[in-house]
Amino acid sequence: MAYTEHNNALTRFWFKIVLWREKHIKERSFLILLALVVGILGGLAAQLLKFLIHLISHSLTGSVVVTTANWLYLALPMAGIILTVLFVRYVVKDNISHGVTRVLYAISQRKSRLKKHNMYASLVASSITIGFGGSVGAEGPIVFTGSAIGSNLGQAFRLSPKILMILVGCGAAAGIAGIFRAPIAGMLFTLEVLMIDLTGTTIMPLLLSSIAGATVAYVMEGYSAEFFFVQSEPFFTRKIPYTILLGIFTGFVSLYFTLVMTRMEDLFGKINRRWLKVLAGGTILALLIFLFPPLFGEGYGAINNLLDGNPASIVDGTFFYVDRNDAWFIALFITLVILMKAFATSATNGAGGVGGTFAPSLFVGAMSGFLFAYCMNQFWPETGISDKNFALLGMAGVMSGVMHAPLMAIFLTAEMTGGYDLFLPLLIVSTLAYMTVRIFQPYSIYSMRLARKGELFTHEKDKAVLSLLKVDNVIEHDFKTVSPDMNLKEVVDIIATSRRNLFPVVDQSGCFKGVVLLDDIRNIMFRPDLYKKMHVRRFMSTPPARIDINTPMEEVMKIFDDTHAWNLPVVDGDRYIGFVSKSKIFSSYRALLRHYTDD
């Protein structure tokens, strides 16, 4: 009883604070303050996630030796996935996979009210998954966590849906900035990946959150870059042709990575039994990590070794341990690691693990860039390409291609490594990789899932607003129906009480059969001698098209354009629902556009 009274007192006190804010502080002014708070909380969440992952990983693998195969790798990944599945199923009781896609969907549908458990669920689940060796990244979960923090903080102050959407983006930006110490990349992530428009309303909150998240990281970790990189070899303009080739190469690597991830996701989606997924995915992951130890966890250690000019360490702990100076074995091993990373990542998520594809794309990119330079130097030593430089460039190339975010890839790579002197080749590789993959795949790995369902939000205003409209929101139900067996007299009586000139024909089971148009019967409706002789089935007509209730609005507008109709019936299968008109769609579109573009 005392606890209930105490809880009610706190609720009343908070309600007074909310009312005071609404009375004295404008919503957009308050947004600036909340963006700063969200940035700090997002940065702290990123630090906590990194700490938990490293703590678990080092505790489990501290005794691992690098001179022989480690059988422990066969058990740890499966154990991590089982623990994650149990946590999600019995504690969270909600699907928290594909965090970035879920945030993108929330923003695209203006449903920015994320659940409270999302502020901790992905953080805990991903730390278990990655700490035990799951071949995924922490960036997707921290984006989901940061976005949930922004959403719930905004909800607590009863802010409007539009402001909530901005706070969701602020949380995502803070998470990325905090985990990589990359404030510019954090803001660009929200613009290119989450597709939040850069306007006068959004720019300052996103910047503040990114800066706050990165500042927290600098205070707690110091000012060193995420990856250790010292540019010992300068980049010369005569190497530009090789960077062009690298950009195209990483574009195709990005395409391969995306296609494998998509196919594997579809394959796991066909498995209906939860524990069969765990067994299949866990087994694939454990075998791949046992054969290729660099696939364990995020793989940042392997990236650091490449950037540090120590490629031989890539074979440490492998079952195929041979002479570390065998150049061709190292090249073959790295090639297999690149090819298998997509399978390891998709197996981790498919089995029930929680993690993102951010780190895997960085890992594959570094390996691809290094392999490109390594092979070029073996075949044509006179080229003199820097392995380290091209490993860094490859990170930007694959990230740009996988996420369709060339600007974010450029700045994130530069901020993570301190490789600002390579800005020109970063621009070349990132842009060409993006252009290459766009020829074959118009969507990023995150937006592809939404594009399949017609729920993708874009920067194009027309498509963006249309994606927010749903058929069931514009259906008109004030059409009086007639049945196929009605005679002309009964139809005339219905016409006399209707304000419409169109009448859907529906049978006794509710199935749509056609329409009766007033213009089509005008010449006979004043002939009493035909009242008992003529029946609806004789003078009804077929509309030029039908609209299924689940049809995306963009496709609905295409049907209207193709048929030149102004009214079309809406059905669910064969069952009549109502009518949708061009005028109602245009009216709803204009209202939503005004709200959407209001800065």
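1. Start with how the chain folds back on itself. In this predicted model, take the contacts between residues at least 6 apart in sequence: 76% of them join residues at least 24 apart. By element count, the protein has 24 helices and 5 strands.

2. Now the burial and surface numbers. Of the 599 residues, 56% are buried. The accessible surface comes to about 26,100 Å², and carbon and sulfur atoms account for 61% of that.

3. On to the inside. The largest nonpolar core has 133 residues, and the ones with the most contacts inside it are Phe 180, Phe 189, Ile 303, Phe 358, Met 403 and Met 408. Which helix gives the most to this core? That would be α14 (residues 358–379), with 13 residues. There is also a second, separate core of 19 residues, with Met 486, Ile 494, Ile 495 and Leu 530 among them.

4. Phe 180 deserves a click in the viewer. Setting aside residues up to four places away in sequence, Phe 180 touches Glu 139, Glu 226, Tyr 300, Phe 358, Leu 362, Leu 412 and Met 416. One of those partners, Phe 358, is also on the list of residues with the most contacts inside the largest core.

5. Phe 180 is also the last residue of helix α7 (residues 161–180). This helix has 20 residues and reaches 29 Å from its first C-alpha to its last, close to the 28 Å expected at 1.5 Å a residue. Is α7 mostly covered or mostly uncovered? Mostly covered: 19 of its 20 residues are buried. Right after the helix comes Arg 181, with a positive phi near 55 degrees.

6. Ser 210 is a polar residue to look at next, in helix α9 (residues 203–221). Its relative accessibility is 1%, so Ser 210 counts as buried, the cut-off being under 20%. Apart from neighbours within four places in sequence, Ser 210 is in contact with Ala 173, Ala 177, Pro 183, Gly 186 and Met 187. Ala 173 and Ala 177 fall within the residue range of α7.

7. For a contrast, try Pro 442, in the loop between α17 (423–440) and α18 (448–452). Pro 442 has a relative accessible area of 43%, which puts it in the partly exposed class. His 404 is 38 residues away from Pro 442 along the chain, yet their C-alpha atoms are separated by 8.7 Å.

8. Then the strands. β1 (residues 502–506) and β2 (residues 512–517) pair in the antiparallel sense over 5 bridges. Val 505 stands opposite Gly 514 in β2. The hairpin has 5 residues between the strands, and Gly 510 takes a positive phi near 85 degrees there.

9. Further along the chain is an open sheet of 3 strands, in the order β3-β4-β5 with mixed pairing. Why do β3 (547–548) and β5 (575–581) each have one side without a neighbour in the sheet? They stand at the edges, each with a single partner strand, so nothing in the sheet lies along the other side.

10. Within that sheet, β3 pairs with β4 (residues 567–572) in the parallel sense, over 2 bridges. Asp 548 stands opposite Val 571 in β4. Helix α23 (residues 553–563) lies across β3, β4 and β5, and runs at about 135 degrees to β4.

Methods: Residues are numbered from 1 along each chain as its sequence is written. This is a predicted model: local features need pLDDT of at least 70, side-chain atom pairs count only at pLDDT 80 or more; totals for chains, interfaces and linings use all residues. Side-chain values use heavy atoms; hydrogens and water are left out. A nonpolar core is a set of buried Ala, Val, Leu, Ile, Met, Phe, Trp, Tyr and Cys residues joined through side-chain atoms within 4.5 Å. Buried means under 20% relative accessible area, exposed over 50%, partly exposed in between (1.4 Å probe, protein chains only). Helices (H or I, at least four residues) and strands (E, at least two) are DSSP runs, numbered from the N terminus. Contact means heavy atoms within 4.5 Å. The expected span of a helix is 1.5 Å times one less than its number of residues. Accessible areas come from the Shrake-Rupley method with a 1.4 Å probe; for residues, only the protein chains shown count as cover. Two strands pair if DSSP finds at least two bridges between them. Axes are lines fitted to C-alpha atoms, for helices over the stretch in contact, and angles run from 0 to 180 degrees between N-to-C directions.
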